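Visitor: Could you take me on a close look at the surroundings of the ligand in this model? I would like one connected account, please.

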Amino acid sequence: MRRRTFLTTSALALCGASLRAAAMESSALRTFDSSRNRHPVHFAPVHVSFDRILRTTVGLRPHRDSGFVLKAEPLGEKTVIHNYGHGGAGMSLAWGTGAIAADMALKHKTRRAAVLGCGSPGLTAARQLQRRGFAVTIYAKTVPPETTSNMSLAAFTPTSGLVDASRRTPAWDKQFRKATDISYRQLQQLVGRGYGVYWIDQFTATDEPPDALADRPDDGGLLSDILRSSREREILGPGEHPFPTMFAIRTPTLSIEPRLYLDRLVADFRKAGGRIVIRTFDAPQDLLSVPESLIVNCTGLGSATLFNDPELVPVKGQLSLLVPQPEVRYRVSARLDEGEGMTTSVSMNPRSDGIVIGDLQERGSWSLDPSDDVRDRNIVAAMQFFNAMRIAD
Ligand SMILES: Cc1cc2nc3c(=O)[nH]c(=O)nc-3n(C[C@H](O)[C@H](O)[C@H](O)COP(=O)(O)OP(=O)(O)OC[C@H]3O[C@@H](n4cnc5c(N)ncnc54)[C@H](O)[C@@H]3O)c2cc1C
């Protein structure tokens, strides 16, 4: 669809949302009571327009309905420890799954290991091995910035797109809980140390009444209390926030800038004596040629063909980056009701490399091409949302 046509129809389609927003302006948005804030948040306006788009990126999340694979198996005389299938949670969980994989490695005599893959799971598994005294070589087809991990948002979202509740097992749940605990602690240790890991207030703007939101299980019972995003949340009512919705839920969120984070992990890995070899493996037999007898497989979607895992399915994500605005220091997501069962999603995340708009969860798509329609829909929805937002004086 041509942009002008799209904009016209989208503007009409979103008219309902903006009218509702305008109607609410007189009540919900009139006064913003910053004195009730527990943490000061500067609600700087977000400038959204097509001419501010720097680039649109696509990443394919490696999803398995039964969750990540974390187990050892023999391959000829070698041992492969699988650590893949992190879905939409590979930035969140990797330190933990890497630690579990490295502990499995300790059961072997050798202290030399190969890690396949150089995204977040590969790099963190490699660091966990190094911390346990292993000499590690990473073999990968691509390295940062050319990995799926570079295309993520990324926040600490340990359950995101990870597992189908009906496919969970007690053994998998146990691994998940251990991995999540380790990762959460590790990521907190990196805050303020140049890794691009930081805390930021996330606001979920919504018209749903707080009663409907109270105690909603957001993780299928997987997370311990300390990890529930609802634990620290604060519900702001009309007049207490600037968003064009009745309510806003504030949740402190641990976040990661993929670009800074992955580069730093590469630097740490090298500093600890790690080597990186650029190499593509097409079949398990190719692995027999690496000198290491212990191999940790962190190839993500690559395992679909390399290890013939038919359960792996891509979930396509797409983000548009707009000109950076360092003054914007809050995240927002919203689902706007347009009537007649239609909703529009808005997602905005400020990073040093740009204002990140949009998201997408398209299961089964292997296409790395950005969709113009998805981009336009995300940008128009964000334009409507931020134009209707009232900024405090
Ligand atoms: C839009 C989007 C938003 C996201 N947001 C979040 C978020 O907020 N929080 C979160 O935790 N996660 C998020 N994710 C998910 C996260 O990015 C993934 O879970 C993670 O990047 C998966 O890492 P990976 O190692 O499986 O893949 P990659 O990062 O791609 O790494 C795989 C590595 O294996 C190598 N490889 C693959 N096949 C072969 C082969 N045959 N031979 C040699 N090397 C091979 C690749 O070259 C690469 O180095 C998001 C993802 C997307 C797309």
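Guide: Gladly! One cut-off will help us later: a residue is called exposed if 12 or fewer other C-beta atoms lie within 10 Å of its own, buried if there are 20 or more, and partly exposed in between. Please keep in mind that this is a predicted model.

Let us start with the shell itself. There are 41 residues around the ligand, and those that come nearest are Gly90, Gly119, Gly300, Gly302 and Gly317. By character, the shell divides into 16 nonpolar, 22 polar and 3 charged residues. Two domains contribute to the shell, with at least three residues drawn from each: domain 1 (3–61 + 228–256 + 316–387) and domain 2 (64–194 + 261–313). As for secondary structure, at least two shell residues come from each of strand E1 (53–63), helix H3 (90–106), helix H4 (120–131) and strand E11 (313–322).

Strand E1 deserves a pause, and Thr57 is found in this strand. Thr57 counts as partly exposed because it has 16 C-beta neighbours inside 10 Å. Leaving aside residues up to four places away in sequence, Thr57 touches Met151 and Leu319. Thr57 and Gly317 are 260 residues apart along the chain, yet their C-alpha atoms are separated by 8.2 Å. Gly317, you will recall, is among the residues that come nearest to the ligand.

Now for some backbone geometry that you may want to check in your own viewer. Pro144 and Pro145 are joined by a cis peptide bond, with omega about 15 degrees. Pro145 sits in the loop between strand E5 (135–140) and helix H5 (170–190). A cis peptide bond also links Leu153 to Ala154, where omega is about 5 degrees, and Ala154 is likewise in the loop between E5 and H5.

Another backbone detail is at Asn308, in the loop between helix H8 (303–306) and E11. The phi angle of Asn308 is near 50 degrees, a positive value in a residue other than glycine. Here the cut-off from the start comes in: Asn308 has 10 other C-beta atoms within 10 Å, so it is exposed.

Finally, let us step back to the whole chain. The chain holds 9 helices and 15 strands, and 44% of its 393 residues are buried. Of the contacts between residues at least 6 apart in sequence, 80% join residues at least 24 apart. The pair of Thr57 and Leu319 is one contact to look up as you explore.

Technical notes. Residues numbered from 1 in each chain as written. Predicted model: local features only at pLDDT ≥ 70, side-chain atom pairs only at ≥ 80, totals over all residues. Near = placed C-beta within 6 Å. Helix = DSSP H or I, 4+ residues; strand = E, 2+ residues; numbered from the N terminus. Nonpolar A, V, L, I, M, F, W, Y, C, P; charged D, E, K, R; others polar. Domains from an automatic or database assignment. Contact = placed C-beta atoms within 7 Å.
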